[in-house]
Amino acid sequence: MRTMETGDRKPVEELTFREAMGELDGIVRVLESNSLELEDSLVSYERGVSLLRALQGRLNEAQQKVEVLMGELEGEVDDAVLSRLRAEIPELKNLWYVKL
C-alpha cells in the first residue's frame with residue numbers, strides 16, 4: 001500500500017507550516033498502523049524526518065524573531081499582554097520571556 005509517491009509530494013520547503021504538520025501527522029498515523037511494506041515505511045519515515053527538521057527549524061526561527069521583538073519592547077510589554085499573545089498563537093506557548 002503506497003500513500004503518495006515520492007514524486008507527487010511537494011518539496012518540504014514549499015509547504016506551509018500547517019501543511020507540513022498535517023503531512024507529518026498523516027505519516028505518523030500510517031506508520032503506527034503498520035500497514036505499509038518495509039520499503040514504503042522507510043520512505044515515509046525519511047519524509048517524516050525531513051518534515052520534522054523543517055518544522056523545528058521554522059519554530060526556532062519564529063522563536064528568535066519573537067525574542068528580538070520582545071527585546072525591542074522591553075519594558076513596554078506586561079505579563080498580561082504576553083499571556084494573551086501566547087493564548088492566541090499556540091506556537092508561542094513554549095516560548096519564555098525573561099525581563100532583564
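Start by selecting arginine 47, which counts as buried because its relative accessibility is 12%, under the 20% cut-off for that class. The model on screen is a predicted one, and this arginine sits in it within helix H2, the element that spans residues 38-72. With arginine 47 still selected, display its surroundings: setting aside the neighbours within four places in sequence, the residues in contact with arginine 47 are Arg9, Lys10, Val12, Leu15, Glu23 and Ile27. Add leucine 24 to the view as well, since the C-alpha atoms of leucine 24 and arginine 47 lie 8.2 Å apart in space although 23 residues separate the two in sequence.

Next, keep arginine 47 and colour the charged side chains around it. Side chains of opposite charge can pair when their charged atoms come close. Here Arg9, Glu23 and Arg47 are linked in a network of salt bridges. Within that network, select glutamate 23 and arginine 9, whose salt bridge has its closest N and O atoms 3.9 Å apart. This pair joins distant parts of the chain, with glutamate 23 in helix H1 and arginine 9 in the segment before H1, 14 residues apart. Are these two partners buried or exposed? Glutamate 23 counts as buried because its relative accessibility is 18%, and arginine 9 is likewise buried, with a relative accessible area of 11%.

From arginine 9, step along to lysine 10, which also appeared among the contacts of arginine 47. Lysine 10 forms a salt bridge with glutamate 19, and the closest N and O atoms of this pair are 3.6 Å apart. Both partners can be checked for accessibility: lysine 10 is partly exposed, with a relative accessible area of 38%, and glutamate 19 also counts as partly exposed, at 36%.

Now move to aspartate 25 and arginine 29, whose side chains meet in a salt bridge with an N to O distance of 2.8 Å. Because these two residues are four apart in helix H1, about one helical turn separates them. Aspartate 25, at 40% relative accessibility, counts as partly exposed. A search of the whole structure finds four salt bridges, so the pairs visited on this tour are to be viewed against that total.

With the charged pairs in place, select helix H1 (residues 17-33) together with H2, and view the two along their contact: the axes come within 9 Å and cross at roughly 145°, and the crossing is left-handed. On the H1 side, the contact is made by Phe17, Ala20, Met21, Glu23, Leu24, Ile27 and Leu31, while H2 contributes Ser41, Ser44, Tyr45, Arg47, Gly48, Leu51, Leu52, Leu55, Arg58 and Leu59. Colouring these residues by class gives 11 nonpolar, three polar and three charged. Glu23 and Arg47, met earlier in the salt-bridge network, both belong to this contact.

Finally, zoom out to the whole protein chain, which holds three helices and zero strands, running α-α-α from the N terminus on. Of its 100 residues, 22% count as buried, and the chain exposes about 7,700 Å², of which carbon and sulfur atoms supply 55%. If contacts are drawn for pairs with a separation of 6 or more, residues 24 or more positions apart account for 62% of them.

Note on methods
Residues are numbered from 1 along each chain as its sequence is written. This is a predicted model: local features need pLDDT of at least 70, side-chain atom pairs count only at pLDDT 80 or more; totals for chains, interfaces and linings use all residues. Side-chain values use heavy atoms; hydrogens and water are left out. Buried means under 20% relative accessible area, exposed over 50%, partly exposed in between (1.4 Å probe, protein chains only). Contact means heavy atoms within 4.5 Å. Axes are lines fitted to C-alpha atoms, for helices over the stretch in contact, and angles run from 0 to 180 degrees between N-to-C directions. A crossing is left-handed if the near helix is turned anticlockwise from the far one by less than a right angle, and right-handed if clockwise. Ala, Val, Leu, Ile, Met, Phe, Trp, Tyr, Cys and Pro count as nonpolar, Asp, Glu, Lys and Arg as charged, and the others, Gly among them, as polar. Accessible areas come from the Shrake-Rupley method with a 1.4 Å probe; for residues, only the protein chains shown count as cover.
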